[in-house]
Amino acid sequence: MATIAPTSETKCLLKLVVNDCEVSAAGPPAQRLSRALRDQLGLTGTKVGCDAGDCGACTVLLDGEPVCACLVAVGQVENRAITTIEGLKSRPPLFDRLQRAFLRHGAAQCGACTPGMLVSATALLERNSSPSETDVMDALGGVLCRCTGYRKIITAVLDAAVPNPRTSSAETSCLGVGASVGQRVVRLDGKGKVEGTEIYGADEIPVETLALRVIRCPYHRARFRFGELKPFVAAHPGVEAVLTSKDVPGEDCYGVIPSFADQPVFALEEGEARFRGEAIAAIVGQPEAIENLDPAIFPVSWEELPALTTIDEAVAPGAPLIHHNRAGNVLTGGRVVRGDVEEALAEADAVVTGEFETGFVEHACIEPEAGFARRVGDQIEIQACTQSPYMDRADIAKVLGIPAEKVRVIPTAVGGGFGTKLDLSVQPFLALAAWRLRRPVRMVYSRIESMMCTTKRHPARMRCRAGATKDGKLVALDFTADFNTGAYSSWGPTVAARVPVHASGPYLVPHYRAVTRAIHTNIVPAGAFRGFGVPQMAIAQEQLYDDLAIRLGIDPLEFRILNALGNHTPTVTGQIMGEGVGIRTCFEALRGKWNAARTEAVEFNAKTKGPIRRGVGVAGMWYGCGNTSLPNPSTVRVGLKHNGRIALHQGAVDIGQGSNTVVTQICADGLRAPVDCFDLISADTSITPDCGKTSASRQTFVTGKAAYMAGRELRRSILGLANSAHEDAVIRFGESILTIHEDDKQHKLSLQNLPLDKHGYVLTAEQTFDPPTSPLDENGQGIPYAVYGFGAHMAEIAVDIELGTVRVLKVVAAHDVGRAINPTLIEGQIEGGVAQGLGMALMEEFFPGKGENLHDYLIPSVGDVPPVESILIEDPSSIGPFGAKGIGEQAVIPTAPAILNAIHHATGVRMRRIPATPDRIREAILASISSDKTGATRG
Amino acid sequence: MYLRPTLYKPCRLYQNYAQPQFAALFYVFRICGQGVFLYFRPETLDEAVHVLAHSGGQILAGGTDFFPALGDRSVTGSVVDISGLRELRGVVTEPQYVKIGGLTTWTEVINTPLPQCFDGLKAAAREIGSVQIQNRATVAGNLCNASPAADSVPPLLTLDAEIELASQAGTRRLPLGDFIVGNRKTVRQPGEILSQVLVPRTVENAASVFLKLGARRYLVISIAMVAAVIQKDSTDRVADARVSVGSCSAVARRLPTLEQMLIGVPAGPGLGSLVTTDHLHNLSPIGDVRATAAYRRDAALRLVQRALDECVGSS
């Protein structure tokens, strides 16, 4: 841990009592306690998520009471007792019970909120040993979590309140050989998360590092001129350099899809800055100097230019082009056509139309982007939070103008990703500065900076028409959508391509036309966010189908069951899967609960006089795993070590979803070895083969399959070495000795004296899996994905019709996951997906330039997420490992439309502008009341 | 000269402030590129106002508004940390007033046994941020920050609260309604500290409620909020009514026409239904990221109706 050596003049030592130890903190007494704990005392278990008391990640105990360390000045707590996550271990047995309960229930996913949750829960349980669920929610209400949906956290705290909790066999580890798939194996990387020792992007600081601050455009669009930069550096002690586009040695153009790459590291002075938050320069210097520098004094003059902020402005005739080579400000489009949609709609017995619009959604990972870079000879190393180390490597190499092999990307633990950490954030600035200055350089985005300049979910404007026969058979869907993709391409092309493939929903739609466009505007780039546009699309399509069912007088669930895709019905791209299409089973699993809940809601509304109206809604979902019609291989290497342990090199970044655990379980069963024989070697471009990016719900499916194949191959090699040809031979992994049992014989294989291969292992197996797809033709026909995941959610809600507020009472989520490799982790994905879907439906909208913080931008708190009942359907796809399909994005898609359909059921209003905030719902209710009245007077 | 400096190099700057009668802690620190600043940590109100009179630093108490206001900048300038003034903490009941020390935290307000008319204030206290915030945020801070959405202002207005400002010149007292004069604007002078809130003991056994409307359950800034106090007479009619609405104007407002109208009305079921849009005429809601102005006006009406019904136990 490096800190600035204070000069005698600045030195101001304060005595603190932290975790029962007397310590001294140097620096201004007005600095935040969180900063002193992390940067000076090295207690990085205390996370910083917002510096504003909005997220609670930095919660510590001050004389036993929870407080946000970001809101306390060091000078205020001299000689008072401060307890951080690191200090709680001295409080057994309570904290021990809490940690174990968090692990057992899967209450920690990415782990960024976990210290704050554990500290808050400790304070609660020390005061109240038998809390109610409401007590727990009140105690945790100040800590935001973006991954779990909170329910497993609540369960864990309630469980920990009881001494001697149950211990499951999975927790005590050592599962049977070849039997870990399907088990609730406790997250293998969980211990560091509940101890606060996990290393995230901001948690390691190289010795004598410099710090970097980016100067960003304050306008949606502006021209700018730098003042005198050299004198600026000279005039500011501690500032070492200013970097601009002129300092970029390679090609100043990056982007996640190489053929669309268009984003410069820094906007060009000869050109213009294209969005509020775009980088124009970076100041590098001593950390203290950079931290205290007021960016307003940077020598630059701005000329604000008229900006295109909406789709309408951007596509208006004569609108200025944001990129000169993209006519009409259209980045690209997507199209899937099948049958004759116009004729089918003309002949349909019932046709419904709808227009729907969604807003920007912010990922709001609890961990803001952070990392450092250092130059090692002619190589650059970047340690940062990322979902896509190999793609980062390629872009950094391009920017620096060096070969990819000279770039090493070391992902830290990721405190929430959801798609936004697929794009570069801090990496190009750090790499450039460390490369040029030959010094380590570090930076941590503030929450404001993170919200201002990292990608968002695309706002969508969707128009659709659907037709069905009078007996309820869907015959046609016509779907068009424009997505506001912002100033640079990011994942806009992926959204434009993926949505037309999915816009039918998981139903047989014989006549189909889906056309999309990604439109450039002068707004922060919209990129990847859990579902690549499909969640927005499902809001339109699933509400439209509800209207169609209602028009036909058919129960909305039965309508979906009637039209559900089957194993032998073609999708809208003409793909016939032949197996593993579990959507009908998902809907049918809801039927009993649906009928009961609908009846209950109707009865409640009939007998209740007050403003509360209950409603129940349903929505279905399908989602292709992996890249759309593009290769996306994963390579996994396993090695047998001299000591009899297995080294698993897998480059899939675990962003909290659990790939470290799931991939190991799969590999273990391929090898038929217990999970605890494995040593995990996490993603690092220099030591793990490429497992692609953590996105598109592909890691369990693609990397899992490669891990299975590699495990199988290692098993064959071991048996070959032991001269055993027996398929069912049992290998026991002892210390430096393997024992092979076949039939009633057994023989031992001593590893100690065997030669090592080039990887340093006795035996190495490496396997690559790339899911088979085919390109789509000009009408979008082909095989875009080898495997789809399916699911259906049912939401029960209560609407206060006078205030327009919605409370979600319960969600039942049925998902066809092919094979549930780890049910606890799958439930975690589902519950977290439900929470994000709920946020998208009811509260989340980012307004560029307004509310770049977590108190204006709201994500669900612990009190907003209802109990979620997960129903896991296993309709295997033989291509996936043990039949498994993805779940990460699938989980978020059906929640919002199910809630919106429930609002319609409760109130009769159809929400077309999302999120359905209280004011929008109330406005829609008032409009429907007045139109009813008008209708009545007309007779 | 009696000083307990934790600072090392006495610097000329602080000699000026070092008065023999004070035992205040001083720290001097340099912020790279910004200059030399002072951090004062007085232990008595006298010290604090003295320091303020001479240095004019930024006041730091609970820190829950101080730090967020910095955005991603670090603290610059001198700071007067008044969180060590024990005399400004706690609630005392005197014959005329319940006096709440300015530095009393919201958790302390919640945990202090108080008469029924404080139920609304306590309900508001539970809605201020989160437990973490309530453990640090002070009563004075919520008032001095003067956010239109400050949760404590509507209930304190319905309690006819007064505030006391202390400065080197002495103290002055004024009604809360005269203290907050605009969006984040008060009449507090730079040398003044809000030392206490005084609630006259006139309606102690009156029913009081606080209703907050936000777009999520916890940690939420109000879209609108309503506080109400209803005192019944011996015939179960309204003897005294106080209703205020927050987040619907630059400063939370009492509703005097409504309060007048309610006097003498039976304090039972249907009380809320007497409220009409006209009673809310002095509100001036704006539209922002949380809600439209029209919605605020509409929701405020519903909340006022519900608050009154709740006060008379008919909801």
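In this predicted model, the largest nonpolar core holds 414 residues, and A:Leu430, A:Ile899 and A:Ile903 touch the most other members. Beyond its neighbours within four places in sequence, A:Ile903 is in contact with A:Gly615, A:Ile797, A:Val799, A:Val806, A:Val909, A:Met911, A:Ala916 and A:Ile921. In soluble globular proteins, nonpolar side chains tend to be buried together.

Strand 20 of chain A spans residues 474–486, and 12 of its 13 residues are buried, so the strand is largely enclosed by the rest of the structure. Its pairings with strand 19 and strand 21 of chain A are set out below.

| Strand paired with strand 20 of chain A | Residues | Bridges | Direction | Residues paired |
|---|---|---|---|---|
| Strand 19 of chain A | 460–468 | Nine bridges | Antiparallel | A:Arg461 opposite A:Asp482 |
| Strand 21 of chain A | 511–520 | 10 bridges | Parallel | A:Phe479 with A:Ala514 |

Strand 19 and strand 20 of chain A form a hairpin with five residues between the strands, where A:Gly472 takes a positive phi near 95 degrees. On the parallel side, strand 20, helix 14 (residues 492–502) and strand 21 of chain A make a right-handed β-α-β unit.

The domain assignment of chain A gives domain 1 (1–144 + 151–161), domain 2 (210–307 + 369–444), domain 3 (531–623 + 786–929) and domain 4 (634–769). The C-alpha centres of domain 3 and domain 4 of chain A are 39 Å apart. Between these two domains, 17 residues of domain 3 of chain A are in contact with 13 residues of domain 4 of chain A. On the domain 3 side, the touching residues comprise eight nonpolar, seven polar and two charged.

Note on methods. Residues numbered from 1 in each chain as written. Chains lettered and ligands numbered in written order. Predicted model: local features only at pLDDT ≥ 70, side-chain atom pairs only at ≥ 80, totals over all residues. Core = buried A, V, L, I, M, F, W, Y, C linked by C-beta atoms within 7 Å. Buried ≥ 20, exposed ≤ 12 C-beta atoms within 10 Å, placed from the backbone. Contact = placed C-beta atoms within 7 Å. Helix = DSSP H or I, 4+ residues; strand = E, 2+ residues; numbered from the N terminus. Pairing = 2+ DSSP bridges. Right-handed = clockwise from strand over helix to strand, strands pointing away. Domains from an automatic or database assignment. Nonpolar A, V, L, I, M, F, W, Y, C, P; charged D, E, K, R; others polar.
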